[in-house]
Amino acid sequence: MERGKYLALVGTGALFGSVSTFVLLRLLQNHKKLVRQYNKNATELNGVEGCTIAGKKNDNAVNEDLLKDEIVSEHLTRNIQFFGFESQQKVSASYVVVIGLGGVGSHAASMLLRSGVGKLLLVDFDQVSLSSLNRHAVATRADVGIPKAQCLKEHFLSIFPECQVDAKVMLYDSSTEEEILSGYPDFVLDCIDNIDTKVALLAACVRRGLKVLSATGAGARADPTRIRIADLRESTNDPLSRSVRHRLRKDHGIEGGIPVVFSLEKPKVKLLPFKGPSGEEENPSDYQIVPGFRVRIIPVLGTIPAIFGQVMASYVLTELAGFQVQTEPIVNFDTDHYHTLHQRLIEHEELVYGTAQQVQVDVEEVMYVVKELWHGRSARDQLVKEVGRGMWRSVNELMLVRWDCEKPASISNLILLKFKEADEHESRTLEDIKEKEPEFYNRVNAVLKRAEIDFGYAH
């Protein structure tokens with residue numbers, strides 16, 4: 001009897017699947033006719049095929065009704081389930097510019113397209129080469145020699161033809177800034193590996209008030225677990241970041257405020273020596289096609305720039321959808337530092353309260369409090385710009401103390417302060433802090449409330 005019920009359920013499921021598949025196939029057949037019409041009516045734009053939708057030339061507006069199309073809504077089913085319909089609508093009504101379409105940019109652009117971004121502008125002056133096939137998102141051997149922008153656009157048509165894709169085969173500089181950055185893009189992705197161009201683009205985005213996400217060096221690395229997103233001020237172990245930081249500060253007065261994707265891993269190798277046609281080492285600048293652009297090669301494991309691009313796409317999509325993601329903070333403490341802070345807490349409790357019995361955290365939980373809650377800085381310095389190399393040095397003057405002296409030293413009742421700040425804090429009452437520093441009081445309570453939620457203490 002049970003076997004019969006099981007077979008009946010399987011049969012019903014199979015029938016339903018067959019019917020739904022048949023319906024979708026019919027829809028797809030109709031859709032392919034539109035795509036063929038697209039190809040037939042495509043026009044030349046910027047030396048690259050102009051993007052048209054069902055034979056119509058694109059305009060500046062993004063189609064906000066994309067999700068009403070049955071094929072599109074089915075294509076984006078998983079995204080809709082993840083973000084919710086209204087948030088996915090925000091993604092589909094968005095316009096994103098991707099500059100630099102190599103290993104990083106091609107993967108970022110590809111996932112933005114697959115995730116339903118309604119309008120993309122793809123910019124790159126370079127062509128697909130055989131050596132770039134180890135890391136490019138869509139290029140094949142048949143694409144070698146054609147512009148990367150054109151290559152992506154042609155492949156994107158077969159993936160998500162409803163997207164308005166414009167491709168520009170050009171180098172970003174001051175003369176092309178207006179053409180590339182006009183139109184009020186919702187996000188700009190900087191996937192450029194040349195310092196001059198990168199600095200100029202980032203400065204222009206800051207000046208124009210455009211949201212921008214920048215990729216740093218993905219070459220010469222092999223550990224995907226060390227890829228992070230943080231403010232440019234916090235990126236470490238990356239020569240490109242260091243140079244860009246210096247130039248932005250020196251030439252444009254920009255200290256930070258630009259999110260970047262970077263790796264905490266130190267580069268495994270350096271630029272390879274340049275060898276000319278004779279096989280002998282020669283001056284690479286003698287062979288530059290574009291002044292300032294690197295001729296020597298950085299060895300690249302193709303998976304790493306691909307992951308950089310995927311990380312960039314994830315960041316942008318969640319931002320466009322208004323989906324909150326708490327990225328892991330960059331705190332340069334090592335295990336010994338956390339042990340030091342834990343021991344310092346125990347000794348302080350014994351000194352102030354006569355016992356350490358109310359210390360309810362171990363070293364691992366101290367790591368959470370210091371890293372996740374207070375980002376390695378004093379609770380009073382959360383808005384201060386000092387980050388990066390100076391942070392780990394500050395452990396010599398930091399300690400954990402109770403926020404509320406009437407409660408145990410638990411995960412949800414510990415704040416990180418400098419020694420003098422700790423002494424002052426313990427000489428005051430919470431009521432006094434609440435009355436005289438309401439902003440600080442509310443901010444600390446909000447952070448500690450997060451700890452309660454993370455560890456299931458909140459009811």
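**Exercise 1. Which residues is Lys-148 in contact with, leaving aside its neighbours within four places in sequence, and is Lys-148 buried or exposed?**

Solution. Once the neighbours within four places in sequence are left aside, the contacts of Lys-148 are Leu-101, Gly-102, Asp-124, Asp-126, Gln-127 and Val-128. These contacts belong to a predicted model, in which Lys-148 has its place in helix α6, a helix of residues 148-159. The next step is to compare the relative accessibility of Lys-148, which is 10%, with the cut-off for buried, which is under 20%. Lys-148 therefore counts as buried.

**Exercise 2. Where does Glu-162 lie, and what distance separates its C-alpha atom from that of Gly-116?**

Solution. Begin with the position along the chain: Glu-162 lies in the loop between α6 and β7, the latter covering 164-168. Because its relative accessible area is 11%, Glu-162 is buried. Turning to the distance, the C-alpha atoms of Glu-162 and Gly-116 are separated by 8.8 Å, although the two residues are 46 residues apart along the chain.

**Exercise 3. Describe how helix α8 and helix α9 are placed with respect to each other.**

Solution. Two packed helices are described by the angle between their axes and the distance between the axes. For α8 (residues 195-208) and α9 (residues 239-252), the axes come within 10 Å and cross at roughly 55°. An angle that is neither under 35 degrees, nor over 145, nor from 65 to 115 counts as oblique, and α8 and α9 are therefore oblique to each other. The crossing in which α8 passes α9 is right-handed. As for the residues that meet, α8 contributes Ile-195, Asp-196, Lys-198, Val-199, Leu-202 and Ala-203, while α9 contributes Leu-240, Ser-243, Val-244, Arg-247, Leu-248 and His-252. Sorted by character, the residues of this contact are 7 nonpolar, 2 polar and 3 charged.

**Exercise 4. What is the phi of Ala-220 and of His-375, and where in the chain are Ala-220 and His-375 found?**

Solution. Most residues other than glycine have a negative phi. For Ala-220, however, phi is near 65°, a positive value, and for His-375 phi is near 55°, which is positive too. Ala-220 is found in the loop between β9 (212-215) and β10 (227-231), whereas the place of His-375 is in the loop between α12 (363-373) and α13 (389-393). The last step concerns accessibility: Ala-220 counts as buried because its relative accessibility is 8%, while His-375, with a relative accessible area of 24%, is partly exposed.

Technical notes:
Residues numbered from 1 in each chain as written. Predicted model: local features only at pLDDT ≥ 70, side-chain atom pairs only at ≥ 80, totals over all residues. Heavy atoms only, no water. Helix = DSSP H or I, 4+ residues; strand = E, 2+ residues; numbered from the N terminus. Buried < 20%, exposed > 50% of the residue type's maximum accessible area, 1.4 Å probe, protein only. Contact = heavy atoms within 4.5 Å. Axes fitted to C-alpha atoms, helices over the stretch in contact; angles between N-to-C directions. Left-handed = near helix turned anticlockwise from the far one by under 90°. Nonpolar A, V, L, I, M, F, W, Y, C, P; charged D, E, K, R; others polar.
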